[in-house]
Amino acid sequence: MGVTDVLSVKAGVIYGEDVKKLFEYCQEKNFAIPAINVTSSSTVVAALEAARDKKSPIILQMSQGGAAYFAGKGVSNGKQEASIAGAVAGAHYIRAVAPSYGIPVVLHTDHCAKKLLPWLDGMLDADEAWHKDKGEPLFSSHMIDLSEEEVDFNIQTTAKYLKRAAPMKQWLEMEIGITGGEEDGVNNEDVDNNSLYTQPEDIYNIYQTLSPISPYFSIAAGFGNVHGVYKPGNVKLHPELLSKHQKYVKDKTSSKKEKPVFLVFHGGSGSSKDEFKQAISYGVVKVNLDTDLQYAYLTGIRDYVLNKKDYLMKQVGNPDGEDKPNKKYYDPRVWVREGEKTMSKRVMEALDDFNAAGQL
Ligand SMILES: [Zn+2]
């Protein structure tokens, strides 16, 4: 028994009921899927390879900046045109290659703050066009992030977007509470009154508003998490708050499910394995990982360049001889590949840490 037993599409990009079944399976079997930020075909294949080799499903996500990078840094992005074109291009690329890896892939887009909503609108236009033609959205899911706004505005606007996504059976992830930076959380001992820590009432409020529209949504709740890697000790994670959310919603709705809410862990880089395990046991189905993977991607390329320096300074001539060509050392397929290998290795570690390895 594995995750592909419960899915109708077993390899390639999945959507709708399959995404829900995948996340329910995660909660049932106590694992989460890492969401890998991808910015190029190279980072896509590094992530897909890791998931294939570890026999796991995977989530690939593009941020607004990552999507623009897919289109090219030289394209102007004043009206989000590069981010829209890049996200659509990335989606088509991922859709085309994912089946070759034999694993289910959730095709997602990352944080979309209020000022970036034209990006989300543009992607939804592409989703609707694709849906009209193929009967499914181009992307499995999107994220809307209005956590910096008033709570009411956040929930109502999220509801509006979920209404647009619902006819396509498209998933929507939202965020509530602040996922802080280094200084947030210092000297904040009073957990229950701290905006870094989302309250169960907020989660219930979101659940009550969104559930009648569509079952396809998840919540990234703040429990002291931070984006990026900072000096340890400045912010205290409280994953146990997530279990309070589940219990509160379960009691209020008389749900039969122990974990009625699909939760997302943002700012996962730098957290301990124990913190991940705890959060996953409380119904986290997706963990965002970006910073650690950026570093992992660099290390392979960095070490290659440092070790092969004498073979890279000119096209012809190296320590083996004045007339020796260096083409096989400077071909991007050689040195970019080294970054893919080290990134892939780090993704595999995450798949082990989140207990996703072997779940196919
Ligand atoms: Zn976030």
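These legends accompany close-up views of a predicted model. Residues are numbered from 1 along each chain as its sequence is written, and side-chain values use heavy atoms, with hydrogens and water left out. Because the model is predicted, local features need pLDDT of at least 70 and side-chain atom pairs count only at pLDDT 80 or more, while totals for chains, interfaces and linings use all residues.

**View A. Strand 3 and its parallel partners.** Strand 3 (58-62) is mostly covered, five of its five residues being buried. Buried here stands for under 20% relative accessible area, exposed for over 50%, and partly exposed for values in between, with a 1.4 Å probe and protein chains only. Strands (E, at least two residues) and helices (H or I, at least four residues) are DSSP runs numbered from the N terminus. I58, L60 and M62 point one way from strand 3, and I59 and Q61 point the other way. Strand 2 (residues 33-37) runs parallel to strand 3 and is joined to it by three bridges; in this pairing I36 stands opposite L60. Strand 3 also pairs with strand 4 in the parallel sense, over five bridges, and I58 stands opposite V105 of strand 4. Two strands are taken to pair if DSSP finds at least two bridges between them.

**View B. Strand 4 and strand 1.** Strand 4 (residues 104-109) is largely enclosed by the rest of the structure, because six of its six residues are buried. One side carries P104, V106 and H108, the other V105, L107 and T109, and both faces are covered. Strand 1 (residues 12-14) runs parallel to strand 4, with three bridges between them. I14 has V106 as its bridge partner in strand 4.

**View C. Helix 3 and the loop that follows.** The buried residues of helix 3 (residues 64-71) are Q64, G66, A67, A68 and F70. Their cover includes helix 2 (41-53), strand 3, helix 4 (81-97) and helix 5 (117-134), where contact means heavy atoms within 4.5 Å. G72, just after helix 3, takes a positive phi of about 120°. Q80 lies in the loop between helix 3 and helix 4. Its phi is near 70°, a positive value in a residue other than glycine. Q80 counts as buried because its relative accessibility is 8%.

**View D. Helix 8 and its surroundings.** Helix 8 (residues 240-253) has 14 residues and should span 20 Å at 1.5 Å a residue; its end C-alpha atoms are 21 Å apart, which agrees. The expected span is 1.5 Å times one less than the number of residues. L241, L242, H245, Q246, V249 and K250 are buried in helix 8. An α-helix has 3.6 residues a turn, so residues three or four places apart point the same way. What covers the buried residues of helix 8 includes helix 1 (17-29), helix 7, strand 7 (217-221), strand 8 (263-265), helix 9 (273-281) and strand 9 (284-289).

**View E. E201 and S254, on either side of helix 8 in sequence.** E201 is found in helix 7 (residues 200-210). At 43% relative accessibility, E201 counts as partly exposed. E201 and H245 are 44 residues apart in sequence, and their C-alpha atoms are 7.9 Å apart in space. S254 comes just after helix 8, in the loop between helix 8 and strand 8. The phi of S254 is near 50°, a positive value in a residue other than glycine. S254 is exposed, with a relative accessible area of 62%.

**View F. The loop residue N326.** N326 sits in the loop between strand 11 (321-325) and helix 11 (327-330). N326 is buried, its relative accessible area being 0%. Apart from neighbours within four places in sequence, N326 is in contact with Y311, K314, Q315, V316, G317 and N318.

**View G. The cavity and its lining.** The structure holds one cavity of 30 Å³ or more. The volume of the largest cavity is about 30 Å³. A cavity is a set of points, on a 1 Å grid over the protein atoms alone, where a 1.4 Å probe fits but cannot get out; lining residues have an atom within 4 Å of a point. Grid points are joined across faces, edges and corners, and a volume is the space filled by probe spheres set on the points. The largest cavity is lined by F23, H108, S141, W171, E173, S218 and K286. By class, this lining has two nonpolar, three polar and two charged residues. Ala, Val, Leu, Ile, Met, Phe, Trp, Tyr, Cys and Pro count as nonpolar, Asp, Glu, Lys and Arg as charged, and the others, Gly among them, as polar. Of the lining residues, H108 is also one of the buried residues of strand 4.

Terms used: On a 1 Å grid over the protein atoms alone, a cavity is a set of points where a 1.4 Å probe fits but cannot get out, and a pocket is an open set with protein on both sides within 12 Å along at least five of seven lines; lining residues have an atom within 4 Å of a point.
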